[in-house]
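Student: Could we go through this model together, one piece at a time? I would like to start with the sheets and then see where the talk takes us.

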Amino acid sequence: MASSDTPSGLRAGLAGLTTRGRSFLAAGVTAVLCAYVLGQDALLRVGVLLTALPLVAALLLLRTRYRVASGRRLSPHRATAGQEARVHLRVDNVSRVPTGLLQLEDKVPYVLGPRPRFVLDRIEPHGHREVSYRVRSDLRGQYPLGPLQLRLSDPFGMCELNRAFAASDLLTVVPRVQPLPEVRLRGAWSGQGESQARSVALAGDDDVILREYRHGDDLRRVHWKSTARYGELMVRREEQPQRARASVLLDTRESGHRGTGPASSFEWAVSCAASVGVHLMERGYQVRLLTDTGLSVPGPDGGANTVSEASGMLLDALALVDLSEGTSLSRGEEAVRLGGEGLLVAVLGTLDEQQTARLARLRRRTGTAVAFLIDTDTWAGLRLLAPETGGAELRARVRQLREAGWTVLPARAGDSVPDLWRAADRADSAAAHREEADA
């Protein structure tokens with residue numbers, strides 16, 4: 001909430017004269033001078049009237065001593081690219097006198113649309129008015145809204161005074177998140193579930209994890225030997241399986257992508273990373289986002305208490321991610337090596353032979369590894385001109401990664417992320433059958 005007072009001072013009033021007010025003032029002064037030269041009393045009276053009208057309007061506007069306050073509310077506060085958001089404005093008259101004509105204009109970036117303008121006739125003492133407008137952006141990012149500008153004017157339109165409130169807000173436009181189908185990849189639940197022994201099961205009676213008794217604890221969980229030792233009730237801590245972990249590696253190298261704007265391969269990659277990350281979080285994974293620049297956004301255990309908060313952190317980071325000038329994925333690969341257990345999902349642009357070899361070796365440090373390998377030529381339109389351009393090279397990269405144990409999903413312009421995710425399940429099942437046949 002922000003407030004504003006009307007100003008005072010003749011200089012401010014004269015500076016606020018509109019084109020109409022200045023025209024009246026100039027006509028009045030001219031009429032007075034002509035009346036003095038020609039000796040016409042009637043013309044003199046007209047000139048005085050024309051001169052006095054804008055001056056009186058400015059003085060009355062300046063003497064209006066009322067205060068107004070404003071507030072802004074976004075719905076939703078975090079919008080998806082292409083989705084409309086509504087901005088609600090509230091103007092309160094906190095003075096004891098009614099306001100005059102008020103014109104409101106909220107400052108918004110051009111990418112969100114034209115600046116909204118509203119005219120409010122009169123606000124009674126301690127009353128309020130509410131207005132709203134819509135904004136929409138196809139581009140990710142954070143966009144400032146405000147400050148709100150207030151324009152006061154007299155009934156004749158002779159004088160206007162502009163004042164701006166100090167408060168502003170941020171609208172975050174996040175990438176599109178597509179719902180993905182349920183799939184089960186081999187080793188995807190490394191670190192949790194039936195394949196992972198629980199901590200208490202690994203400990204003997206002397207190594208059991210204990211804590212102090214709390215009201216409501218089941219007395220059957222009391223550890224009497226430790227109770228006798230410490231002189232207070234001690235209970236066994238509940239068995240807590242470790243959470244499944246997943247890393248989403250996003251390739252942001254400018255050299256690895258093609259196209260511009262919302263239809264570029266990079267925007268497809270960002271949307272893919274957002275869809276996979278949110279999908280895994282909703283299914284109990286602790287997800288972290290990695291990029292080739294070294295950016296790392298942790299999951300729920302890294303500052304968020306709920307899945308929705310963790311998803312919000314991930315989407316906020318992806319809303320601001322941009323193309324990098326780097327040529328290597330080494331920083332992201334190093335982050336995977338330091339904590340690469342669990343599932344790894346990589347969204348990759350164009351790779352050379354050396355980068356592919358490094359990723360192939362990285363597979364040994366992870367559980368299941370899935371790669372969305374973007375065929376960037378299709379985003380550049382090269383396939384329409386030469387169907388074989390880059391095809392042999394892409395197939396070689398796919399073969400090299402699959403031989404290292406990756407589940408590779410070539411992604412072309414127009415491909416659906418849910419369809420590719422479903423294909424990952426089929427590819428993983430086929431690989432499992434091949435391994436069984438070889439055994």
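**Sheets, helices and rings**

Tutor: The bridge partner of Gly141 in S11 is Val173. Before going on, note that this is a predicted model, in which local features need pLDDT of at least 70 and side-chain atom pairs count only at pLDDT 80 or more, while totals for chains, interfaces and linings use all residues. Residues are numbered from 1 along each chain as its sequence is written, and side-chain values use heavy atoms, with hydrogens and water left out.

Student: How do you define the strands and helices, and when do two strands pair?

Tutor: Helices (H or I, at least four residues) and strands (E, at least two) are DSSP runs numbered from the N terminus, and two strands pair if DSSP finds at least two bridges between them.

Student: Fine, so which strands pair with S11, and in what sense?

Tutor: S8 pairs with S11 in the antiparallel sense over five bridges, whereas S3 and strand S11 (residues 169-174) run parallel and are joined by three bridges. On the S3 side, Ala79 has Val173 of S11 as its bridge partner, and Arg78 stands opposite Thr172 in S11.

Student: What order do the strands take in that sheet?

Tutor: It is an open sheet of three strands in the order S3-S11-S8, with mixed pairing. Strand S3 (78-80) and strand S8 (141-145) each have a single partner strand and stand at the edges, so one side of each is left without a neighbour in the sheet. From one strand to the next the twist averages 30 degrees, where angles run from 0 to 180 degrees between N-to-C directions and axes are lines fitted to C-alpha atoms, for helices over the stretch in contact.

Student: Which helix packs on it?

Tutor: Helix H7 (residues 307-320) does, touching S3, S8 and S11, and its direction makes about 90 degrees with that of S11; contact here means heavy atoms within 4.5 Å.

Student: And the four-strand sheet, what is its order?

Tutor: That open sheet has the order S6-S5-S9-S10, and its pairing is antiparallel. S6 and strand S10 (160-164) are at the edges with a single partner strand each, so one side of each is left without a neighbour in the sheet. Direction ignored, neighbouring strands of this sheet are turned by 20 degrees against each other on average.

Student: How many bridges join S5 to S9?

Tutor: Six bridges join strand S5 (residues 101-106) to strand S9 (residues 148-153), and the two run antiparallel; Glu105 stands opposite Gln149 in S9.

Student: Switching to loops, where are the cis peptide bonds before Pro76 and Pro147?

Tutor: The bond from Ser75 to Pro76 is cis with omega near 0 degrees, and Pro76 lies in the loop between strand S2 (67-75) and S3. The bond from Gly146 to Pro147 is also cis, with omega near 5 degrees, and Pro147 lies in the loop between S8 and S9.

Student: What is phi of His126?

Tutor: Phi of His126 is near 60 degrees, a positive value in a residue other than glycine, and His126 sits in the loop between S6 and S7.

Student: Now helices: at what angle do H2 and H3 cross?

Tutor: The axes of helix H2 (residues 19-38) and helix H3 (residues 41-63) cross at roughly 155 degrees and come within 7 Å. H2 and H3 are therefore roughly antiparallel to each other, given that angles under 35 degrees count as roughly parallel, over 145 as roughly antiparallel, 65 to 115 as roughly perpendicular and the rest as oblique.

Student: Which residues make that contact?

Tutor: Among them are Phe24, Leu25 and Val29 of H2 and Leu43, Leu44 and Val48 of H3.

Student: And how do H8 and H9 pack?

Tutor: Helix H8 (residues 330-338) and helix H9 (residues 353-362) pack at an angle of about 5 degrees with their axes 11 Å apart, which makes H8 roughly parallel to H9. In that contact Ser330, Glu333, Val336 and Arg337 of H8 meet Arg358, Leu359 and Leu362 of H9.

Student: Last topic: how many aromatic pairs are there?

Tutor: The count comes to four aromatic pairs, under the rule that rings of Phe, Tyr and Trp (its six-membered ring) pair if their centres lie within 6.5 Å, with planes under 30 degrees apart counted as stacked, over 60 as edge-to-face and the rest as tilted. One of them is the tilted pair of Phe118 and Tyr133, at 6.3 Å centre to centre and 40 degrees between the planes. Phe118 lies in strand S6 (residues 117-120) and Tyr133 in strand S7 (residues 128-136), so the pair ties together parts that are 15 residues apart in sequence.
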